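Q: I have a new model open and would like to learn how to read its features one by one. Could you walk me through it?

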Amino acid sequence: MAGSARAARAADHVAEVAAPPGRPYGLIADVTRWPAMFAPCLAAAVLEDGPGRQRIRLWAVVGTQVRSWTSERTLDERQGVVTFRQEAPEPPIARMNGSWRFEPTAGGTRLVLHHAWATTGGGQADEMIAAALDRNSTAEIAAVKAWAERPQGPSEVLFTFSDQVRIGGSAAEVYDFLHDADRWPERLPHVSRLDLETAPVSSAAAGAAVQTMEMDTVAADGSTHTTQSVRLCFRGERIVYKQTTPPRGLLAHGGEWRLTPVEDGVLVTARHQVALDPETIGDALGGPLPLDEARARVRRLIGGNSRQTLHAVQAGVEGAAGRPVDAR
């Protein structure tokens, strides 16, 4: 019948990893690290977490579009297997499931990423999905291999931190300031240029409006740094972002602006997830540094910019309403 799923297709992507199975397995088991590890992955959330089972939601670039889906996962560390199944795939995908397998070898681990899927479209849809899947899977297993073989463990290079400000205004007012980033050059002293494009809310992005932006920021020494980002905007609640071209010295940088209504205002949290590049972070910061000192320096630099933004939002929202600015 029209619109029914076509015959199933399957593909395996394989890599040899010079590390014991537990190390790459841990990278896949913890989806909160995926936005930093995988270039196509923009955001990840654990919806339910129980013994050996999870429900997760992912947002990723698939082809030229941002798509989101919810998957059920089973995790078996002893056997070295993580299986997944998309709950309600977006057309033209009718079914998508698979597994990550980590098989011990004499030299480390044989990693096998397996996908099985079906589409509701014709041959063009089949080929489009197959090409996007091959491209993303190739990048993903290469990323797992690189992270697992790195001399430093993930906890040495990947870290998170946050800053908060309470603003005497509504979540809608704060959200509009953060959402309208094309006005940041006139509002934020460290932003000299920003180009912004916004796509409307869609079911494919799970209710997010998708923004792409290119921004020039001015550092304390007067140098200018250009970054490109994708932002997922959930009106009145949060804006999740990922730098698709992070600055030199970083493997990845992403985060979130989260708005929580409180008495007499809104609590705004700026959360960051940062992955240092051990090979370039020293040069980027002016000379060789131990990783713990590099983390502290990066936290001060990135946190300083986000605190400037938080206080500019506070001044803009509270000042526009004639409220006294709360400097806490």
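Q: Let me start with R248 and D283: are they exposed or buried?

A: A good place to begin, and please keep in mind that this is a predicted model. Both R248 and D283 are exposed.

Q: What joins the side chains of R248 and D283?

A: The general idea comes first: side chains of opposite charge can pair when their charged atoms come close. Here, R248 and D283 form a salt bridge, with 3.9 Å from N to O. R248 sits in the loop between strand 12 (238-243) and strand 13 (250-262), while D283 belongs to helix 7 (residues 281-284), so this pair ties together parts that are 35 residues apart in sequence.

Q: How many salt bridges are there in the whole structure?

A: A search of the whole structure gives 19 salt bridges. Let's look at another of them, between D216 and R193, where the closest N and O atoms are 2.8 Å apart. Strand 10 (residues 208-218) holds D216 and strand 9 (residues 191-202) holds R193, so the bridge ties together parts 23 residues apart in sequence. As for surroundings, D216 is buried, with a relative accessible area of 11%, whereas R193 is partly exposed at 26%.

Q: And which side chain meets R55 in a salt bridge?

A: That partner is E48, at 3.1 Å from N to O. R55 has 23% relative accessibility and counts as partly exposed. E48 also counts as partly exposed, at 44%.

Q: Let's move on to helices. What should I look at where helix 1 and helix 3 pack?

A: In general, two packed helices are described by the angle between their axes and the distance between the axes. In this model, helix 1 (residues 22-29) packs against helix 3 (residues 123-149) at an angle of about 125 degrees, and their axes are 9 Å apart. That angle makes helix 1 oblique to helix 3. The crossing of the two helices is right-handed.

Q: Which residues make the contact between helix 1 and helix 3?

A: From helix 1 come R23, P24, L27 and I28, and from helix 3 come V144, W147 and A148. Sorted by class, the contact of helix 1 with helix 3 has six nonpolar residues, no polar ones and one charged residue.

Q: Now a single residue: is T109 buried or exposed?

A: With 0% relative accessibility, T109 counts as buried. T109 lies in strand 7 (residues 108-119). Leaving out residues up to four places away in sequence, T109 touches A15, E16, V17, A19, P20, P21, P24, F102 and E103. You can also compare sequence with space: T109 and G22 are 87 residues apart in sequence, and their C-alpha atoms are 9.0 Å apart.

Q: Could we do the same for Q86: which residues is Q86 in contact with?

A: Not counting neighbours within four places in sequence, Q86 is in contact with W69, T70, S71 and M96. Q86 is found in strand 5. Its relative accessible area is 10%, and under 20% counts as buried, so Q86 is buried.

Q: Last topic, the backbone. Which peptide bond here is cis, the one from P91 to P92 or the usual kind?

A: The general background is that most residues other than glycine have a negative phi, and most peptide bonds are trans. The bond from P91 to P92 is cis, with omega near 10 degrees. P92 lies in the loop between strand 5 (81-86) and strand 6 (93-105).

Q: What is the phi of A206, and what is the phi of D264?

A: A206 has a positive phi of about 60 degrees although it is not a glycine. A206 is in the loop between strand 9 and strand 10, and at 27% relative accessibility A206 counts as partly exposed. For D264, phi is near 65 degrees, again a positive value in a residue other than glycine. D264 is in the loop between strand 13 and strand 14 (265-276), and at 62% relative accessibility D264 counts as exposed.

Definitions and conventions. Residues are numbered from 1 along each chain as its sequence is written. This is a predicted model: local features need pLDDT of at least 70, side-chain atom pairs count only at pLDDT 80 or more; totals for chains, interfaces and linings use all residues. Side-chain values use heavy atoms; hydrogens and water are left out. A salt bridge is a side-chain nitrogen of Lys or Arg within 4 Å of a carboxyl oxygen of Asp or Glu. Buried means under 20% relative accessible area, exposed over 50%, partly exposed in between (1.4 Å probe, protein chains only). Helices (H or I, at least four residues) and strands (E, at least two) are DSSP runs, numbered from the N terminus. Axes are lines fitted to C-alpha atoms, for helices over the stretch in contact, and angles run from 0 to 180 degrees between N-to-C directions. Angles under 35 degrees count as roughly parallel, over 145 as roughly antiparallel, 65 to 115 as roughly perpendicular and the rest as oblique. A crossing is left-handed if the near helix is turned anticlockwise from the far one by less than a right angle, and right-handed if clockwise. Contact means heavy atoms within 4.5 Å. Ala, Val, Leu, Ile, Met, Phe, Trp, Tyr, Cys and Pro count as nonpolar, Asp, Glu, Lys and Arg as charged, and the others, Gly among them, as polar.
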